[in-house]
Amino acid sequence: MTVFARRARASAGRMHPELSLVSYTLLGHLEEVGGCRATDLAAHYALDKSTVSRQVAALERAGLVERRMDPEDHRVQVLYLTAAGTEILSQVTRSRRSAFRERLAGWPDEDLARFAAYLLRYNATATARDTAPTRATTD
């Protein structure tokens, strides 16, 4: 798993020099939810607000993200992908998919199906644990 994570971080940088794995992940989330507050990003990924703030500032400087006033609450700023952010995310996604296709090209269909099932199972378990309420211990 460590090698997998290291490879993912390294590949994000190769696909776009300004896009770390964290940046790519944040852009993907913004695309998925259609925009959100920086505090929502921090809460969703269990990251410190200062970490998200630095990442968002870098994405803004690169022209990939923009802040807009929330129409329902003018005190709140919502982050959205810019056209450039959408294009970069699309390019990186296409590159990643291509790389996965190359790596898995020689795998038999039954191995691919098993691998996909294991990834789905792993992600479902991780999601369930990440969203489960924590219990205080009385020991």
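Here are a few short exercises on salt bridges in this predicted model.

**Exercise 1.** Find how many salt bridges the structure holds, then check whether the contact of D40 and R37 meets the cut-off or misses it.

*Solution.* Start with the total: the structure holds 6 salt bridges. Next, take the pair D40 and R37, whose side chains come to 2.7 Å, N to O. The cut-off is within 4 Å, so this contact qualifies as a salt bridge.

**Exercise 2.** Work out which class of exposure applies to D40 and to R37.

*Solution.* First, recall the limits: buried is under 20% and exposed is over 50%, with partly exposed in between. D40 has a relative accessible area of 30%, so D40 is partly exposed. For R37 the value is 35%, which again means partly exposed.

**Exercise 3.** Name the residue with which E60 forms a salt bridge, and classify the exposure of E60.

*Solution.* The partner of E60 is R67, and their closest N and O atoms lie 3.0 Å apart. Now look at accessibility: E60 has a relative accessible area of 27%, so E60 counts as partly exposed. R67, at 37%, is partly exposed as well.

**Exercise 4.** Decide whether the contact of E87 and R94 falls inside or outside the salt-bridge cut-off, then classify E87 and R94.

*Solution.* Begin with the distance: the side chains of E87 and R94 meet at 3.7 Å, N to O. That is within 4 Å, so the pair is a salt bridge. Then turn to the two residues in turn. E87 has 38% relative accessibility and is therefore partly exposed. R94 has a relative accessible area of 47%, so R94 is partly exposed too.

Definitions and conventions. Residues are numbered from 1 along each chain as its sequence is written. This is a predicted model: local features need pLDDT of at least 70, side-chain atom pairs count only at pLDDT 80 or more; totals for chains, interfaces and linings use all residues. Side-chain values use heavy atoms; hydrogens and water are left out. Buried means under 20% relative accessible area, exposed over 50%, partly exposed in between (1.4 Å probe, protein chains only).
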